[in-house]
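I opened the model to look up a few surface and charge features. My notes follow in the order I took them.

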Amino acid sequence: DVPKAPEPRGDSDGPRRGSLCDRHCAAINNVQGDLGDLGCHLHHPRVPPAMCSPSCCQQHSEEVCESCVVKTTLTAENAVEANKLSNNYKFGFKKWKSHVTARPWEDRSEIVKELYSDLNVIRGSGGSTVTCGNILYLLLFGWWLSLLYILVAAMMFITIVGAPYGRLCWDLARYFLWPFGKVIQKVEVPKSRQALGGCEAGTGESKALLVGGPVPRRWRPQCWADAGYWQRASAVAWLCLGYPVLALAHALVCITAWLLVILIPVAKRSARTAARVLLLPPEQVLVRRLKMTEVPLEGEVILCCYRAVNPYYYKYAVDGINVFAPPPDLLPLVLVTLVLGYVDSHNHLTSSPVKFTLALLSIMPLSYYIGMAIASISAQSNFAVGAVVNATFGSITELTFYITALIKGSREGNRCYAEIVKSALTGTLVGCVLFVPGLCMVIGGIRHQEQRFNSRSAGVSSALLFLSVGGVFAPTLFSKVYGKLVCGECHNVTQNPLGHYLCHNCHFDLMDNNGTLYYSHVQPLVYTVSLLLPAAYLIGLFFTLKTHSHIYDIHISDCHMPGHHHSAVVHWSRWRALVILLLSTLCMSACADLATEHISPILTNSTISQYFIGVTVLAMVPELPEIVNGIQFALQNNLSLSIEIGNCIAVQVCMLQIPILVLFTIFYPTNFTLVFSDLHVYASMFSVVLMNYIFMDGKCDYFQGTVLVMVYFILLAVYFFAPSPSGC
């Protein structure tokens, strides 16, 4: 919480007005910062509340004092994180919520620290280990894992030479049946015993290897002449017979427990057992029940467990990626998709609709990793590098799918693929203008009664949207004015030659007279628009980032709090992020190729309109990571970034993606033309007008968000009941 500044003292009128202006300023400034995960305070060094004149607040009692508007300093843990926050407020840069650096350990709560604690920590105070989570472990893993160890122990005893490992498996069988309150330690064998090859001397009694701890008694053969030979033979028998079976079982436990999230401690224990415990010599492993009177223990503790379930593991992250987030969790699906798609090319194992669904779902984790890589590179680089990376890879997800679909349609001579691409472009535009900000308003409004945002920055995006929509649909309007209306089939309703005719499949033909209208008028207009739109986008970048950067008026500085002196520890270095970015882009191309390869049966056999498939599934699934980021910003009362996410994607669709597709058709002729159906034109223009009306006053609530979402679903219903494009 931000500490409240003391109210100024004065006459009866001054403090009241000053306090009112102060509250207005605080209400605005509180929504500007991405402060949910920073653990730092919001400062307003430029314009203190006391500088707000009483006359200002008297004249604008219902408005915000102009001298106090959005002059905010955000604080971050380090320079890299500050650079990422700064990029979030730059037009044209990808907005990213997650941290790109490791948060300082001292800033984390005790609950989160426990999630990252090692498995060899021994508690000083005991408690009952009989809990619901531990019983769940027993039912899911404990009983069959213990039984498997008993079977492996019997097998190792049969081999004679593997008897020491058989004894180890017997001890581990009792451990994994109920591992809670027990420890696995590594003990050091004295050199004298190592020289004897583990044979007992004298009366056969051994000395304690740990202070206060018993010595593990292992069954061994009599002293052979070459004890080293038998040790090697025992190890070979173990690595060939026992270890592979147990390693496979622990891998299965690890994967299953990791997918269940709350059982991640079980996954960690299984991974450490397979990677270390089972590879140690049996005489160095000690399994024992922990007694509180023996704490602390001498020697190395490998495993110590008290409970199997921790419900707070939804906060757990690996290299900055949350294990509970749906997009990155689908990464194994990419491998399944690629194997099934390219190995089972004749659909012997699965059908085309299943492969299409898998390929489409695989795009979501790849989009997430591409976004994370772009944010990491931009945060660790200067402005020029960040701008180039965002411009190059910011729309790579959508462009990959669009280009592969156009190539397939051109090879097959099927114009339905071009119509699908147009539907996906329109669906992305409408979804990012209506659904993304509307959903963020609704979810953010549940926690915050009223949310404010920077109306000036939203106005820049709105102006660019108006310009881009007008430019994109200019060839369509031109063709409707000068094109020739051609209908596929007409019937005379009144049986009168001069009566009314009912016509079907009507469209404006641009290829009349050998395509004179299209090649002489429409195509030059398309090329002109495709050059002007990117130029307008560059002007918008120069306007918001250079000449009028004060529109955002965001200053971000490092957080220097007492006792917090730390350097940035990035999750992904620049080279690692670049490799992940390139690999994700390559996998994205493969998944997009599989999606377009297996979409044909869906288009031909489905009763759903191709328009609906394009504007919903193909348009919004790749944008799921962006929607998640927008929701997270809205929950932290930072609606400005939630709105900018949708606006930036919509602007990039019109000003970058469509011109790139037009440029691609110049070098690789396809059926794609910048002439859209009437439904696409009306839906896009109505969406942009409605969005500008909602964003006019710079504040919103859940009701306005509900209006945007409802209008979006109404448009989806229109697309659902609309007939498929002509020729499809």
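**Salt bridges and a surface patch**

I began with Lys355, which counts as buried because its relative accessible area is 4%, below the 20% cut-off for buried. This is a predicted model.

I then looked for the partner of Lys355 and found a salt bridge with Asp344, with 3.6 Å between the closest N and O atoms. Asp344 sits in the loop between helix H11 (331-343) and helix H12 (352-379), while Lys355 belongs to helix H12, 11 residues apart. Asp344 is buried too, at 4% relative accessible area.

I noted a network next: Lys408, Glu412 and Glu597 are joined by salt bridges that share partners. How many salt bridges does a search of the whole structure find? I got 10.

One of them is between the side chains of Glu114 and Arg307, at 2.7 Å from N to O. This pair connects distant parts of the chain, 193 residues apart: Glu114 is in helix H4 (residues 110-116), and Arg307 is in the loop between strand S4 (300-305) and strand S5 (317-318). I checked cover on each side. Glu114 is partly exposed at 34% relative accessibility, and Arg307 is partly exposed at 32%.

I also looked at Asp171, which forms a salt bridge with Arg174, with 2.8 Å between the closest N and O atoms. Both residues are in helix H6, three residues apart, or about one turn of the helix. Is Asp171 buried or exposed? I have Asp171 as buried, since its relative accessible area is 9%. Arg174 has 49% relative accessibility, so I list Arg174 as partly exposed.

I moved on to the surface and found a nonpolar patch of about 580 Å², made by Trp143, Leu147, Ile150, Leu151, Trp170 and Leu177. Which helices each supply at least two residues of this patch? They are helix H5 (132-158) and helix H6 (163-177). H5 gives the largest share, four residues. I picked Leu147 for a closer look; this residue lies in helix H5 and is partly exposed, because its relative accessibility is 43%.

My last entry is Leu531, in helix H18 (residues 512-547). I record Leu531 as exposed because its relative accessible area is 63%, above the 50% cut-off. I also looked up the spacing between Leu531 and Val662: their C-alpha atoms are 10.0 Å apart, with the two positions 131 residues apart along the chain.

Conventions:
Residues are numbered from 1 along each chain as its sequence is written. This is a predicted model: local features need pLDDT of at least 70, side-chain atom pairs count only at pLDDT 80 or more; totals for chains, interfaces and linings use all residues. Side-chain values use heavy atoms; hydrogens and water are left out. Patches are made of residues with over 30% relative accessible area and no salt bridge: like charges are joined within 9 Å, nonpolar side chains (Val, Leu, Ile, Met, Phe, Trp, Tyr) within 5 Å. Accessible areas come from the Shrake-Rupley method with a 1.4 Å probe; for residues, only the protein chains shown count as cover. A salt bridge is a side-chain nitrogen of Lys or Arg within 4 Å of a carboxyl oxygen of Asp or Glu. Buried means under 20% relative accessible area, exposed over 50%, partly exposed in between (1.4 Å probe, protein chains only).
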